[in-house]
Structures are given as C-alpha cells and as structure tokens.
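Dear colleague,

I am handing over the structure below, and after it I set out what was found. Please read the notes with the model open beside them.

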Amino acid sequence: MIPASFEYFQPRTLDEAVGLLGRHGEDAKVLAGGHSLIPAMKLRLAQPKTIIDLGRITGLNYIRETDRHIAIGAMATHYEIESSALLADRCPLLTELAPQIGDVQVRNRGTVGGSLAHADPAADWPAAMLALEAEIDLVGPDGRRTVQAAEFFVEMMQTAAKPNELLCEIRVPRTGKTVAYVKFAQKASGFAIAGVAACVEKSGKTVKVGVTGVSAKPYRALAVESALRGKALDAEAVATASGKAAEGVEPLSDIHASAEFRIHLAQVNSRRALQLAASRGS
C-alpha cells in the first residue's frame, strides 16, 4: 500500500531535529531505521503529517568507552552493535542479543535508539537494557536529561520521552562474561514471544533479569532476583526461582501465544538464561 501524504525533513543536527519536533508537535514522527514506522505508514496504521528523518545527522552511531560506562549513540545499528569488538569484550550481552534480532536486512538498517523509543512489547533490546540497568539520555528544548531503563518503559509502545524529546544516547556498564540472552521467537518476524536477559554477579551472589515479549511492557523479574539473592546458583535454586518469572505480571494473549504459554516460556527461558550465564567465565 501507499502511505498518506506527509511533509519530509532531513535535519543535519540534533538541535535542528529537536526544533522541528517542537514546531510540528504530535503531527510529527521521527524516522531512524524505519523498520517499524514505514510498514505502519504503508498500511496506514500511522498517518503522520510530518516525518523527521535522523539519517543525515552525523556522529550518532558511535560506540565508545568512557570512565564509567560504554556509550552507544541512538543511531547505532543492530549490526554495528553485533560486530563491535569493544562491546564483545566489555558488555557481551549486547553482542549476544543483536544477532537474534530480525534478519540481516533488519540488523543493517534498524537502530538501537529507534527500537527503544518505539517500545514494541516484543522487541529484544529492552530486556538487556533492564538487566544491565542502562541509562537512556533524552534531548529536548530544555536540554538533556537521563532516564533509568527501569523508568523508561511506561506502557505498550509508550516511554518516558516527552513528545518534544529525542532519544540520543544509551549508556551500559562494563560487565563480565556471566551474561546471557535466551528467547523463543515468532518465526516469521523474529520478535520475542518471551525473551530473557540475565546478568549474574557470582561474587556478590546477585542476578538481574530482564524480560520482554511476555507483557505489555518489558520488566525486571524482581521475584526471581529476590529468590536468588545471596544463594549459590545451583540447578534446584535456579529452577525454583525461575518459576516466579511472571509473578505480578499480566501476560499478553494473542494469535502467537496464549497467556499461559507466555508464562511457561518466561519461566523456562529465565532458567536457561540464568544457567547459561552462571556457566560462563567471570
């Protein structure tokens, strides 16, 4: 199908993009990789009057190490993350997750910032950002502010970003190798029906678990984390704790999976991700 007519802008700087977003308000949509927005427009599920294309803004696809974190520009593609030697060494959860997104075409064009801002409940990145306790930077007319990943995802396809703000940077911590991402995917799209990211801190006997695809928004499996705090991650302890992976969550039910099946998958994939992470080196 053909999308409805729209006005098209290609800003060259973040400031220019923010200005355009403020000028056109809720009539505008921001284009990053386009793998979510363009199909919706072609089906006329989205009919924005204005498109602001970030593709001509240079310097937004960096991956670099700082004193405290690894900073990732919002326009870094899934493939740039997948192939990053820095991330493979310093934050390997991201390089493990990235190849599981969509297909090669999607990974070459889709961006991490676009995925996070779109907040699709079946997207992969949110699980990792929650488990890593990532920081997300937003820029708007009042300047730049930081939102913790736990506060960023508000509801299905809704985030803490204001209508006049753009996601510009993600910061993740350096981790060891004791991380893992395990998902059950919808076969045609690759979207997560239940994806689980796990970070294990063996010395402190703590874990962090992020879950996507199960409910209307991604979440931290806090009941799993609490059940394992201070305990050795033996098979029995992990299996028992993973049974709490959907505790307090209202699971989705659709043509791809019933609510009951999603709960089962969250439990199974939590166990698998935790066991895989714990089996890896420090």
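On one side of helix α11, A235, E236 and T240 are exposed (over 50% relative accessible area, with a 1.4 Å probe and protein chains only); helices here are DSSP runs of H or I with at least four residues, and strands are runs of E with at least two, numbered from the N terminus. The buried residues of α11 (residues 235–242), buried meaning under 20% relative accessible area, are A237, V238, A241 and S242. Because these cover an arc of only 125 degrees around the axis, taken from the directions from the helix axis to the C-beta atoms, they sit on the same side of α11. Their cover, counted by contact (heavy atoms within 4.5 Å), includes α10 (222–228) and α12 (259–279).

As for provenance, this is a predicted model, in which local features need pLDDT of at least 70 and side-chain atom pairs count only at pLDDT 80 or more, while totals for chains, interfaces and linings use all residues. Residues are numbered from 1 along each chain as its sequence is written, and side-chain values use heavy atoms, with hydrogens and water left out.

Two residues that are not glycines deserve a look at their backbone. R44, in the loop between α2 (37–42) and β3 (50–53), has a positive phi of about 60 degrees, and its relative accessibility of 39% makes R44 partly exposed (the class between buried and exposed). E133 has a positive phi of about 55 degrees and lies in the loop between α8 (125–131) and β6 (135–140); at 44% relative accessibility, E133 is also partly exposed.

Best regards
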